[in-house]
Amino acid sequence: MDIDWHARAAQQGYDGRAFIGGRRVAAADGATFDCVSPLNGRVLTTVARCREADVDAAVASARAAFDDGRWAHQPPAARKRVLQRFAEKILAARDELALVETMDMGKPVRYSTSVDVPAAARCIAWYAEAVDKVYDEIAPTPRSGLALITREPMGVIGAIVPWNYPMIMSAWKLGPALAAGNSVVLKPSEKSPLTAMRLAELALEAGLPEGVFNVVPGHGGEAGEALALHMDVDAVGFTGSTRVGRRMLEYASRSNLKRVYNELGGKSAFLVFPDFDDLPRAAQTVAGAMFFNQGESCNAPSRVFVHEDIADAFVAEVVKEAPKYQPGDPLAAGTEMGALVDEGQMRTVLGYIASGEAEGARLLAGGRQARADSGGWFVEPTVFGGVTNTMRIAREEIFGPVLSVIRFRTEDEAVRLANDSPYGLQASVWSSHVDRAHRVARALRAGTVHVNQYDEDDITVPFGGVKQSGNGRDKSLHAFDKYTELKTTWIRINGS
Ligand code: NAD
């Protein structure tokens, strides 16, 4: 049965209090900030404005929980059962979580139900399943000794996440960190804080002991900075902009040299060669990947490099796709693209569109604000042709629905231009020649390279970038490495 999301939204209540030590609490000084819905510009609720004192309380609670072993010392199979229940509770709360996510950050509810909630649950369930199947090591030492190489949980993990996929980004940190036995203090974005606290409630209901998972909503320069500077936080899993990622490294150097895992911005390249035999599919894929989530995806393929012989035909196909993503009501069943997260983000995106035109790029589709009468913040799917790789729209991460098409003549030139970026998150090569596909995939400097596709993704593979896209890898068994320390224990064996 179709859900009447407007009716549900009218009924939905929101609790903006923090979650510390297993309880909902106001900020210590009672401060709050407004949580505004990008759908219509109205205040949804007020949210606890956590600062240093609240972060101290959350870290102390996480540390106490870690030190007494109430979670870390449970057998892996027991942690598995709790986290499996947590994943089941996320799925059971699907409609509520999806609605809150949509009201808070603007994506279509059809995708928060079909993508965000299931992906967050699958991530938690996957690490739950994995945790009693990961073995430690014994080193090949002489017979006089035995050296055990074991993984130990690190202690208290600070997780600082952005607003574009609030639940999924949280789950990418929570899954491996909790499964490994750590305690977590999560700082959601001030632009999308609400689902994080609900996740913590569901985890508690699933049997996660009090204090193991805490949430401190607040501003980056307040709660975020206090958490990243905290002397009792052992590692920070950060997802966000390259600008703030730099600060994370600074905070670590100014405090206790905590581990910092940065998952940062992107300007991913999509290379289309003339030997590729299905241009419409390439065009549909790039439009789908670019305009999904309003273009607010770190891996959005925002730089499209196309060979000059097929450029006109390819661009015509992309321009044909764009109107399918015209923004609509995020609560309506058929909407493909929703609202940008806030007015500031909309102004940033419109500013980039103006800069593209000013620098001489050709606006081929979109380019304007949409649905202004809703009171929300929507921008049309936008395609620029005639772009050069030196223009701002080709160099800087826009984080909105703006795609730039750049022409090339040779394979070498395409690879050189694609790699000429401060970022290196993802890339895609489209070619029907197996040699070229492999050659170019090898030459592209990116954490993930796709060949003749862009949409495959799974919790089983690492996700992260090179260069200024960061140094961390979320997802897959490799993420356990981030939230565990290796310990070597030497044992002498006499008489052998
Ligand atoms: P942001 O860097 O502004 O904020 C991210 C988080 O950091 C938020 O919780 C924010 O409150 C906090 N923060 C901000 N300033 C801080 C400070 N001085 N000290 C401590 N914390 C601070 O990023 P955003 O606008 O929320 O998210 C968009 C960015 O995230 C884009 O650059 C996008 O590419 C990136 N992203 C990367 C990945 C990835 O896996 N590589 C995934 C999603 C998003």
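## Around the ligand

A residue counts as near the ligand if one of its heavy atoms lies within 4 Å of it. In this predicted model, 28 residues surround the ligand, and Val161, Lys187, Glu190, Ser241 and Glu397 come nearest.

Some of the ligand's surroundings can be followed atom by atom. Lys187, one of the residues that come nearest, places a polar side-chain atom 2.7 Å from an oxygen atom of the ligand. Ser241 is also listed among the nearest, and a polar side-chain atom of Ser241 lies 2.6 Å from a ligand oxygen atom. With Leu264 the backbone takes part: an N or O atom of its main chain sits 2.8 Å from a nitrogen atom of the ligand.

## Helices α2 and α8

Let's turn to helix packing. Which angle do helix α2 and helix α8 make where they pack? The angle is about 40°, and the axes of α2 (residues 52-67) and α8 (residues 220-228) are 8 Å apart. Because angles under 35 degrees count as roughly parallel and those from 65 to 115 as roughly perpendicular, α2 is oblique to α8.

The two helices cross in a right-handed sense. On the α2 side the contact is made by Glu52, Val55 and Val59, and on the α8 side by Ala223, Ala226 and Leu227. Sorted by class, this contact has five nonpolar residues, no polar ones and one charged.

## Helices α10 and α11

Helix α10 (residues 279-291) packs against helix α11 (residues 311-321) at about 45°, with 9 Å between their axes. The pair is therefore oblique, and its crossing is right-handed.

From α10, the residues in the contact are Leu279, Pro280, Ala282, Ala283, Gln284, Val286 and Ala287; from α11, they are Ala313, Phe314, Glu317, Val318 and Glu321. Nine of the contact residues are nonpolar, one is polar and two are charged.

## Helices α14 and α15

How do the axes of helix α14 (residues 411-419) and helix α15 (residues 434-443) run relative to each other? They come within 10 Å and cross at roughly 30°. Since angles under 35 degrees count as roughly parallel, α14 is roughly parallel to α15. Here too, the helices pass in a right-handed crossing.

Glu411, Val415 and Asn419 of α14 meet Arg436, Arg439, Val440 and Ala443 of α15. By class, that contact is made up of three nonpolar, one polar and three charged residues.

How values were computed. Residues are numbered from 1 along each chain as its sequence is written. This is a predicted model: local features need pLDDT of at least 70, side-chain atom pairs count only at pLDDT 80 or more; totals for chains, interfaces and linings use all residues. Side-chain values use heavy atoms; hydrogens and water are left out. Axes are lines fitted to C-alpha atoms, for helices over the stretch in contact, and angles run from 0 to 180 degrees between N-to-C directions. Helices (H or I, at least four residues) and strands (E, at least two) are DSSP runs, numbered from the N terminus. Angles under 35 degrees count as roughly parallel, over 145 as roughly antiparallel, 65 to 115 as roughly perpendicular and the rest as oblique. A crossing is left-handed if the near helix is turned anticlockwise from the far one by less than a right angle, and right-handed if clockwise. Contact means heavy atoms within 4.5 Å. Ala, Val, Leu, Ile, Met, Phe, Trp, Tyr, Cys and Pro count as nonpolar, Asp, Glu, Lys and Arg as charged, and the others, Gly among them, as polar. A polar contact is a pair of N or O atoms within 3.5 Å; within protein, one must be able to donate a hydrogen and the other to accept it, and residues adjacent in sequence count only if both atoms are side-chain atoms.
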